[in-house]
Amino acid sequence: MATNQDSMTMRPFRIRRTAQDTYDTFTMELEPAGSGEFTFAPGQFNMLYVFGVGEVPISISGDPTDPLPLIHTTRAVGTVTKALQKLKKGDVLGMRGPFGSAWPVEQAKGKDVVIVAGGIGLPPLRPAIYQILANREEYGKFVLLYGARTPDDLLFPKELEQWRGRFDMDVTITVDRATDGWLGNVGVVTRLIPKAVFDPKNAVAMLVGPEIMMRFTIADLQKAGMADKDIYVSMERNMKCGVGLCGHCQCGPSFVCKDGPVYSYETIRDWMRKREI
Amino acid sequence: METLEPILAEHPVFKGLDPQYIKLMVGCASNVRFNQGEFITRDGDQADEFYLIRAGSVALDVYSPTKGEITYLTLREGEVVGWSWLVSPYRVHGDVRAIQITRAIRIDAKCLREKCTKDPQLELELYKRFVPIIVDRVEAMTMQLLDVYSD
Ligand SMILES: Cc1cc2nc3c(=O)[nH]c(=O)nc-3n(C[C@H](O)[C@H](O)[C@H](O)COP(=O)(O)OP(=O)(O)OC[C@H]3O[C@@H](n4cnc5c(N)ncnc54)[C@H](O)[C@@H]3O)c2cc1C
Ligand code: FES
């Protein structure tokens, strides 16, 4: 997998732009503070370090064919992510990466692709969407199912609108709680699966969301006829070193930072079903 | 003249049902249309009908005195609205509202219940087809409770 430098070496990156997506989620564009290249595969993540506060793993949400500026979309939930949110244009942070496994975008060629995102799960899938759209003719049907808590929580609304307008991509959105004026679907994202048009025997599914949502999604994909080996999930476990040394991110016999975060469900199912692993 | 028979026979819920039962049901069926915002049924109404959506979409709402109307699920083409007609005392649970102009087939459930009393096999077939719908609605409410995107 693509790693640009020694994985323990932190590189300074400067914030070029920062934008608030929703009340708790923001997107940052970063560029190397010195000179430097950067490449990544869709699904990979970086460790972002806010000086004096700490480090967090955040997936890359930009276009792999145009990797700089480096794009990260983050939900501010705790100590480091809230500190990250306070940074401004011109500030510098530390970055290590990219780390981890990638979405099976190459293996999916010639097949239908179903992408299921829940909440903050869309950013880690966005690079895969870009890559598939850039080589659209090499895939069969392309389905994106996206669920969020409320219409105000939907990320990248303009881009979703553009994708919805394409004839070569089926985009369906649903929210858990409608607000006034919402005329779209209400209900969790799993409900969209039975109505999605794809060939379950010749498809690859990629999903990200809270573990509970992924469990229900997997069950519905299986009901639709998909095999476990064709269902890919991204696991988000707490991390410290990011390079397989500390054991913080252990999930069964594997370390999410090094063997994941993207796994075929076939390899992770016994561990995903267990609580508190 | 086009009858509702092929439409009923093709509907996902009634697919595979004995054609003689489809014929029986056509006798209880009619086409209906609802305007955007129109209530199709209200909580506590007598449950003497159900609907097969043909176009448009509807919201299933529950009312909370503190939170107001909460939509827990929307239904579209190919889905069924209403299961309370099958379970005594035949009272509707929650409100159903058209989100867009919605066309549906209305089935007179009183008429269908009468046919069921004469034919237990038909009743059994309908139960088999409606229990999954009830489960689906329970699941939708459970998902709401779980707040799946919060963690
Ligand atoms: C591979 C990978 C990729 C990821 N990609 C993304 C991404 O693209 N975007 C994104 O937003 N996130 C992503 N995450 C998740 C992100 O790394 C975490 O949200 C982040 O590490 C949280 O760090 P923090 O210091 O801000 O929160 P912490 O302070 O560590 O808090 C983490 C959680 O614990 C809760 N918490 C904090 N303090 C307390 C307390 N005292 N008592 C009880 N609960 C508490 C918080 O509410 C929060 O839910 C990814 C994670 C992994 C592993
Ligand atoms: S984060 Fe240290 S082993 Fe994975």
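Colleague: Which strands and helices each supply at least two residues of the shell around ligand 1?
Modeller: Strand S4 (54-59), strand S5 (70-75) and helix H1 (79-86), each in chain A. Helices (H or I, at least four residues) and strands (E, at least two) are DSSP runs, numbered from the N terminus. This is a predicted model: local features need pLDDT of at least 70 and side-chain atom pairs pLDDT 80 or more, totals for chains, interfaces and linings use all residues, and side-chain values use heavy atoms, leaving out hydrogens and water. Residues are numbered from 1 along each chain as its sequence is written, with chains lettered from A and ligands numbered from 1 in the order written.

Colleague: Where does the largest share of that shell come from?
Modeller: S4(A) gives four residues, the largest share.

Colleague: And which residues come nearest to ligand 1?
Modeller: A:Pro57, A:Arg75, A:Thr79, A:Val80 and A:Thr81, out of 18 around the ligand. To be near, a residue needs a heavy atom within 4 Å.

Colleague: What does the side chain of A:Ser59 do there?
Modeller: An N or O atom in the A:Ser59 side chain is 3.0 Å from a nitrogen atom of ligand 1. That is a polar contact (N or O atoms within 3.5 Å; within protein, one must be able to donate a hydrogen and the other to accept it, and sequence neighbours count only if both atoms are side-chain atoms). Ligand oxygen atoms also reach polar backbone atoms, at 3.2 Å for A:Gly78 and at 2.9 Å for A:Thr79.

Colleague: How much of ligand 1 does the protein cover?
Modeller: The protein covers 61% of the 980 Å² of accessible area that the ligand has on its own (Shrake-Rupley method, 1.4 Å probe).

Colleague: Different topic. Is A:Arg96 buried or exposed?
Modeller: Buried, since its relative accessible area is 5%; the cut-off is under 20%, with a 1.4 Å probe and protein chains only, while over 50% is exposed and in between is partly exposed. A:Arg96 sits in strand S6 (residues 92-99) of chain A, and its side chain reaches the backbone oxygen of A:Cys241 at 2.8 Å.

Colleague: Now chain B. What caps the N-terminal end of H4(B)?
Modeller: B:Asp119, with a side-chain oxygen 3.0 Å from the backbone nitrogen of B:Gln121. After the helix comes B:Asp147, which has a positive phi near 55 degrees.

Colleague: Where is the kink in H4(B)?
Modeller: At B:Arg129, shortly before the proline B:Pro132, and about 25 degrees. The bend is the angle between axes fitted to the seven residues ending at a residue and the seven starting there.

Colleague: Which residues of H4(B) are buried?
Modeller: Among them are B:Leu122, B:Leu126, B:Arg129, B:Phe130, B:Ile133 and B:Met143.
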